[in-house]
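Student: Hey, could you walk me through this one? I have it open and don't know where to start.

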Amino acid sequence: MVHKIYVTYNQVHKLCQNSAERILDDFKPQLMVAIGGGGYVPARILRSFLKRPGSPNIPIQAIGLSLYESLGSDPVEQPGTKVTRTQWLDLSSLEMANLIGKDILIVDEVDDTRTTLEYAVKELEKDVIEAQKKLGRESEKTRFSIFVLHNKDKPKKGQLPEDVVQGRYLAARTVGDEWICYPWEATDIDEHDRLSKEQEKQ
């Protein structure tokens, strides 16, 4: 039986709040790329804590990647083997030009097999290089950092660039290889919060 951890909106909020100072100091993001669907809520919460007085809000771009697949009638999804793009930035548009020369924070909810994060970093880097060539802006340095709510302490299938792993990767919490139930996946939020409270008593 899969052991499940129930995470509440309140807990997500605090994980983002507690990570914001380190992100500001170490990553200095000018733009966030949220991986959907799990990265949307953390990115939006994080934006409130990353705002500096007198500075504008950090823009959030969204990409959609799917790795998990539902197997039969089991409500617990299993990691798939192939990353599917469900939404991406338009290479010919202002969206991609906006990434050039920026410090970009990629946000997702969980680093499980690392396959999705590897795909996101590789593909975004590739697209930025292509956009730089098109616009004659090759000299501008674009840097990617990663923030996740939870990193699962397990062997990873995906690989991240060494400079990202060493200095530009932050997980708010490292957990075992357990199934994490996030509040935005809940169909009954009251029951979800009740199960989370029950866990705290154990």
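Tutor: Let's go through some strands, then aromatic rings, then charged pairs. Keep in mind that this is a predicted model.

Student: OK, strands. Is strand β5 mostly buried or exposed?

Tutor: Buried. Strand β5 covers residues 103-111, and 9 of the 9 are buried, so the strand is largely enclosed by the rest of the structure.

Student: Which strands pair with β5?

Tutor: Strand β2, residues 31-36, pairs with β5 in the parallel sense over 4 bridges. Strand β6, residues 143-152, also pairs with β5 in the parallel sense, over 8 bridges.

Student: Can you give me some residues to click on?

Tutor: Sure. For β2, try M32, which stands opposite L105 in β5. For β6, look at V148, the bridge partner of D108.

Student: And what handedness does the unit of β5, helix α4 and β6 have?

Tutor: It's a right-handed β-α-β unit, with α4 spanning residues 115-135.

Student: Switching to rings. How many aromatic pairs are there?

Tutor: The count is 3 aromatic pairs. Take Y9 and W184: their ring centres are 6.4 Å apart and their planes sit at 50 degrees, so this pair is tilted.

Student: Where do Y9 and W184 sit in the chain?

Tutor: Y9 is in helix α1 (residues 9-27), while W184 is in the loop between β8 and α6, so the pair ties together parts that are 175 residues apart in sequence. Y9 is partly exposed at 38% relative accessible area, and W184 is partly exposed too, at 22%.

Student: What else does W184 pair with?

Tutor: Y182. That pair is stacked, with 5.1 Å from centre to centre and 5 degrees between the planes. Y182 is buried, with a relative accessible area of 2%. Put together, Y9, Y182 and W184 make one aromatic cluster.

Student: Which charged residues lie over a ring face?

Tutor: Among them, R85 lies over the face of W88, 3.9 Å from the ring centre. R114 lies over the face of Y169, at 5.2 Å from the ring centre.

Student: Now salt bridges. How many turn up in the whole structure?

Tutor: A search finds 14. One of them joins D112 and K154, whose closest N and O atoms are 2.5 Å apart. D112 sits in the loop between β5 and α4, and K154 in the loop between β6 and α5, so the pair ties together parts 42 residues apart in sequence.

Student: Is D112 buried or exposed?

Tutor: D112 is buried, at 4% relative accessible area. Its partner K154 is partly exposed, at 22%.

Student: What other salt bridge does K154 make?

Tutor: K154 meets D177 at 3.4 Å, N to O. That pair links distant parts of the chain, 23 residues apart, with D177 in the loop between β7 and β8. D177 counts as exposed, at 52% relative accessibility.

Student: What about a salt bridge inside one helix, like E191 and R194 in α6?

Tutor: E191 and R194 meet in a salt bridge at 2.9 Å, N to O. They're 3 residues apart, about one turn of helix α6. E191 is partly exposed at 32%, and so is R194 at 41%.

Student: Last one: which residues do salt bridges with shared partners join into one network?

Tutor: D112, K152, K154 and D177.

Note on methods: Residues numbered from 1 in each chain as written. Predicted model: local features only at pLDDT ≥ 70, side-chain atom pairs only at ≥ 80, totals over all residues. Heavy atoms only, no water. Buried < 20%, exposed > 50% of the residue type's maximum accessible area, 1.4 Å probe, protein only. Helix = DSSP H or I, 4+ residues; strand = E, 2+ residues; numbered from the N terminus. Pairing = 2+ DSSP bridges. Right-handed = clockwise from strand over helix to strand, strands pointing away. Phe/Tyr/Trp six-rings, centres within 6.5 Å; stacked < 30°, edge-to-face > 60°. Lys NZ or Arg CZ within 6 Å of the ring centre and 35° of its normal. Salt bridge = Lys/Arg side-chain N within 4 Å of Asp/Glu carboxyl O.
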